[in-house]
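Trainee: Before I describe this fold, I should like to go through the reasoning behind its terms. May I put some questions to you?

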Amino acid sequence: MATQQQFPKTAEQIAICDSDHKHLIIEANAGAAKTTTAAMKIERLVSNGADPSKIVALAFSEPGVTAYINAFRRVGIPARISNLIRVGTFEEFCAARLRKLEAVDVPRFSRPEDVRTFVLEAIQSARTWARTKFGIPLSFEGAGDFAVEGLLEEFDQIKGSRLLERQDEYFTISPDGADSIDWSFTTLAIFRTYERIRTHFVDDGGEHPKFRFTGDATYDLANIVDALDPCYTYETNPLRLNLQAVVLDEMHDTNWAMFTVLKKLLETNEEALFLGVGDRDQVVHAQHGAESYFMREGFDTHIAVPQRLKLSESFRFGRDLSNPLSRFADKPYLASQQRTTKVAIKKAVDAAELMGLINLVSTNYPRTPKSQFAVLLRHPSAEVDLEHALRDKGIAYQTAGFTTYLERPEVLFLRTLLGLAVSLEDAFLPDIAVLAKSATWAFITTTAQLSEEARMKNASVVDGMNFEMFLEYGLQHALGMRDAKDLLEDAVDEPTRSRLRKAVELAVTDDINCLPAVIECLDIEKCARRVFVREIDARDAKDSVNALVKASKNYGSISQFLSSLIKHDYAAKSKNHNDDRIVLSSIEASKGLEFDHVIIPNVNPADFDGKGRDERNLFYVAASRARDSLTLTYSSKESSSLLRHFQASTDFYLR
């Protein structure tokens, strides 16, 4: 194959392209051109006679797929060739194989809203099953409206790790069984009923699921190909593709479901060469069941002993960052000769000081687009004061990997209650008002005590109200401020009603100094435990509300504070800054991306203690996103022990 251009190769890349080992795993550093190297290997295979239509190039994420396409262009593979290569996410590959096997397009959903109804149905069924079978309630009381996303994330981990399939034959979903594997019985019970709802569908074409959510295609295919009595024959095996090569980028994100399919794929296509590329220090998707095990002893044990080669030269950043990363990850790093990356460690005790650093970095690089400035957060729920400071300074930003604090359920609930207390008109934009109504009703009602018929009736009544009606009749009835016996009369228990009344009585004064007492009356964390299933979500709710109180201290009254929030709503929805917003991102959501300037706040012992592997990986991923500058901040008396790797080579460029 004649290439369009000659792409220069490093010695490491040449060794990878020249290798003729059947199983090759590349252990790469961050920023070391992993995908480009995989594209070089594919280009070499095609040049040597491989059929591009019999090459599968897989990645964990959609950005990984885009990286393949861009890399093919960079290394000079003509479009007529690259278009023949089967490029896609692992999930899309599995979905295509299932379509062949099932001969039907099962509906596929990607948003939690798409499967919300099924999760809520599963919660109610699981509640009945747990009470009937074991005589115990589930660990939360609410209907589950705001538990859906958290549950789906936990389901993803159960499926990705094949947690239940890997238990012995005597395992059952029960309180004792859940304890034996250190999982919540509530989650497992809801998962059991959800999967029964999802997979129970039969028509004339045969049995297949009612729908699939993100990750379900890989999970379903793993279960099918790993069955003792598979539902396919030699001829109908969905993995029999006569492949000549299987290339897997982002291999560090492999979980048990993916690995099960990969193992069967290589067994079925026994002549296929395998190339896996990944960085064992970038495993941050444990919530998907990802483990570096599959790049290491797992591959050796279950598939074959591969040849392992390295990619150690970074093309993303210079030696001032590559040197400390080398010490941190305990592996060799070669720095880019074309780039200088400045590193600074600074103390920033609060949002105001952090804002000062953000302003200083942007001032030092005035021509850089705002979208190339990223603040990567370990705990986004605790950064309300930072968001508020950005809004107050008129700095446009976008969030990635988390919801802006103004639209979090607990904050919407608090804003609604305070708005009622101070008689604030126009407390929300119309689309946010819908969310606020749902959030408030979820936080104040105890619908688990109602019959299903009554719960559905109440939900129908609330859904039918506009926001003004909801405030005037629904919420005021809940507080006992109006006589509306025909409306939701059993939906709010007396202890909750009492707390709400006391909170409103305090807030009516419009005294901003009363806000901590209002929060204490509401007991947000206790309310959140009725709304969310996961403990972490309840804790996050408490953290975000406490941070909101902290942000309110610069205002003279509750009504003034609430008015500032609606101004923030308008600013957030404005289209004036769509292409000029700095990025606030969770570290997990930044994986696979890079930015000219990165700030990692709160590198404190409480946030990054340096002991857990997951924390170390998160810090490594965050620090390695930077191209031109990396700013690390800490706010406590002592910084995290992780910073010791950077102190020897920091250039204190911020004056």
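Trainee: Which residue is the bridge partner of V56 in β3?

Mentor: In this predicted model, V56 has R86 as its bridge partner.

Trainee: What makes β2 and β3 a pair?

Mentor: Two strands count as paired if at least two bridges are found between them. Strand β2 (residues 55-59) is joined to β3 by four bridges, so the criterion is met, and the two run parallel.

Trainee: Why is β3 called an edge strand?

Mentor: In the open six-stranded sheet, the order is β3-β2-β6-β7-β1-β8, with parallel pairing. Both β3 (86-89) and β8 (307-311) pair on one side only, which makes them the edge strands.

Trainee: Which strands pair with β7, and over how many bridges?

Mentor: Strand β1 (residues 23-28) is joined to β7 by five bridges, with I26 opposite V277. Strand β6 (residues 245-248) pairs with β7 over four bridges, and here A245 faces L273. Both pairings are parallel.

Trainee: Why is β7 described as largely enclosed?

Mentor: A residue is buried if its relative accessible area is under 20%. Six of the six residues of β7 (residues 273-278) are buried, so the strand is largely enclosed by the rest of the structure. This holds for L273, L275 and V277, pointing one way, and for F274, G276 and G278, pointing the other way.

Trainee: What makes β6, α11 and β7 a right-handed unit?

Mentor: With the strands pointing away from the viewer, a clockwise path from the first strand over the helix to the second is right-handed. The β-α-β unit of β6, helix α11 (residues 256-268) and β7 is of this right-handed kind.

Methods. Residues are numbered from 1 along each chain as its sequence is written. This is a predicted model: local features need pLDDT of at least 70, side-chain atom pairs count only at pLDDT 80 or more; totals for chains, interfaces and linings use all residues. Side-chain values use heavy atoms; hydrogens and water are left out. Buried means under 20% relative accessible area, exposed over 50%, partly exposed in between (1.4 Å probe, protein chains only).
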